[in-house]
Every structure is written in C-alpha cells, then in structure tokens.
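I opened this structure to see how one loop residue sits among its surroundings, and then followed its neighbours outward into the sheet and the core.

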Amino acid sequence: MNNILPNLIIIGAMKSGTSSLHNYLNLHPEIQMSSLKELDFFILEKNWNQGLDWYSNQFPMNKEAKIFGESSPNYTKSHIFADVPQRMASVLPDAKLIYILRDPIKRILSHYFHQFVDRQEMRSLIDALQDNNNNYINSSRYYWQLKDFLSIYKLDQVLILTLEELEKNRNKTLQKVFDFLGVDSSFEHPAFLQNYHLSSEKRRLTNLGHTISKLPFGLRFCNLFLSFFEEKIQYPVLDEQVLMYLKSVLSEDIAQLRALTGLKFSDWYL
C-alpha cells in the first residue's frame, strides 16, 4: 500500500463528461487522478472487497500533487448499487465530490445509444423507457441520486457542474473546479481543447462480427477486417412522444435540484 487515498471523487453522472473532466484534471500539476478511471471501489458488487490496499495502489505517486482523485459514474446509480455514500464516508469523510450533469433527456439518449452500441440494448427507445425501476430514467434523476450523498456530506463539499458549461466555456469552468479544489486556478493546457468519447464517432459490430468477437482472438480478427464486420448506426431521434414522456417523469426531480442548488440549468429541455 502506498498510503495514498483520494480526497476528490467525481461521482457521475454517466454520459455527462466524466471522462473528459477526469483527463483535464489529470493535466494539472497539483492533481493526480487514478490511472484507471472507473474504480467503482465503494460498490459492494464490484471492488469494495478488494480492500484499501488495492484502492490506494490505483493512485500513482506524485510528490507535486495536493489532490488525488477518481471518477466512477456508477456511484450515482443508487437504484442499482446501494449504500455507496455510506461506504465512501466511512473511508473518506472529508473528500470533495464533483457531480457533473448534462441535460437529463440528452443524457438518457446518450446512455441508450451506449447500451445499443454494446448490444446490451436491442429494444426501441420508447420500449426501453417503459421498464419499472428504469436505469435510463433513474440515472437522470439527479436530485434523487444526490440527496443520498447529502445525508452524509455537506453541500459545500459538493461541486455541481454541467457538461454544457464545460463545452461552452472550458477554461472558465475548469478554473471554477480548480478553485473548489484549492489548486492553482490560472493553469491552462492545450489539451483542454480535446474532447473524449464522442457518441457520434461510435460504430457497432454486425451480428456476425459480435458472434466472432466472442471467440478467442475473435475481436482482433474483426478489427483487422472492420469493413466487413462493422455497421453504421443512427443516433436515437428524440420525437415528441419520448420528449413529453420524459418531461413528465423528470420534471419534479429537476425542480428539486434547482431549488437545492440555486442553479438554472437554462440549456436543458426542462
């Protein structure tokens, strides 16, 4: 064990810019992010039983760093993974948390597309949204996810950001993050211009390619002949039926989030 435990956790939300933020923060000389982005340490069903030695060893030694951090969007999926804030506070009671959000409806579209690309989702969008305890919708109930953390952590330990502000004014937004973390807020880097994990760049293996990829060395074979095993897929269309349905199920949660934070989220659908 290298005796390093993080004092920063990016707790989500999935498909809201956590990968980009993780990489941008890691460029700062006073910040060291974990080598593996999604550690999922505080999730019982994932890596909690690996123990603190394992967790500590995910953070490279860095004598210049004041902040050590990790990013696990699964931490704000309480409908799937229970008691994450309690485990987190038992180890890191003084940590600072960042919850980066995006328009909850656009987040759902991106989440669905991600699952569709990975062939974890084969239903139409409207059919996929009808499940009880729906993962897509519940992952966009930001207030509901956040309130569990705020039952343990103080509100001033949590910074709420949005992907929209990170995209529109990156340097100013990162300066706000650096201020929150107590590091040099004047730091800038050319790589702040880079974007990560763009959904529009994704492709999906065909049925045959997916079957072959499961065989030993099958994925390598598919990658050698991508033109035969890859298909273009269309990003889901937000039609009026889906939009009205999502507004009806998410409006109360987002109103509570606005009341809690005082933020307007004026770029969002609701």
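**Starting from a loop residue**

I looked up Leu 92 first and found this residue in the loop between helix H3 (84-91) and E4; I keep in mind that the model is predicted.

Is Leu 92 buried or exposed? Its relative accessible area is 6%, and because buried means under 20%, I noted Leu 92 as buried.

I then listed the contacts of Leu 92, leaving aside neighbours within four places in sequence, and found Leu 5, Pro 6, Ile 9, Phe 42, Tyr 55 and Tyr 153.

**Following Phe 42 and Ile 9**

From there I turned to Phe 42, which touches Ile 9, Trp 48, Tyr 55, Tyr 75, Met 88 and Leu 92, among others, when residues up to four places away in sequence are not counted.

Which residue of E4 is the bridge partner of Ile 9? I found that Leu 97 is that partner, and that 4 bridges join strand E1 (residues 8-12) to strand E4 (residues 96-101), with the two running parallel.

**The sheet and the cores**

I traced the open sheet of 5 strands in the order E2-E3-E1-E4-E5, with parallel pairing. Strand E2 (31-33) and strand E5 (158-162) each have a single partner strand, so one side of each is left without a neighbour in the sheet.

Last, I checked the largest nonpolar core, which has 50 residues, and saw that Ile 9, Phe 42 and Leu 97 are among those with the most contacts inside it. Helix H4 (residues 104-117) gives the largest share of this core, 7 residues. I also noted a second, separate core of 21 residues, including Tyr 24, Met 33, Phe 180 and Val 183.

Methods. Residues numbered from 1 in each chain as written. Predicted model: local features only at pLDDT ≥ 70, side-chain atom pairs only at ≥ 80, totals over all residues. Heavy atoms only, no water. Core = buried A, V, L, I, M, F, W, Y, C linked by side-chain atoms within 4.5 Å. Buried < 20%, exposed > 50% of the residue type's maximum accessible area, 1.4 Å probe, protein only. Contact = heavy atoms within 4.5 Å. Pairing = 2+ DSSP bridges.
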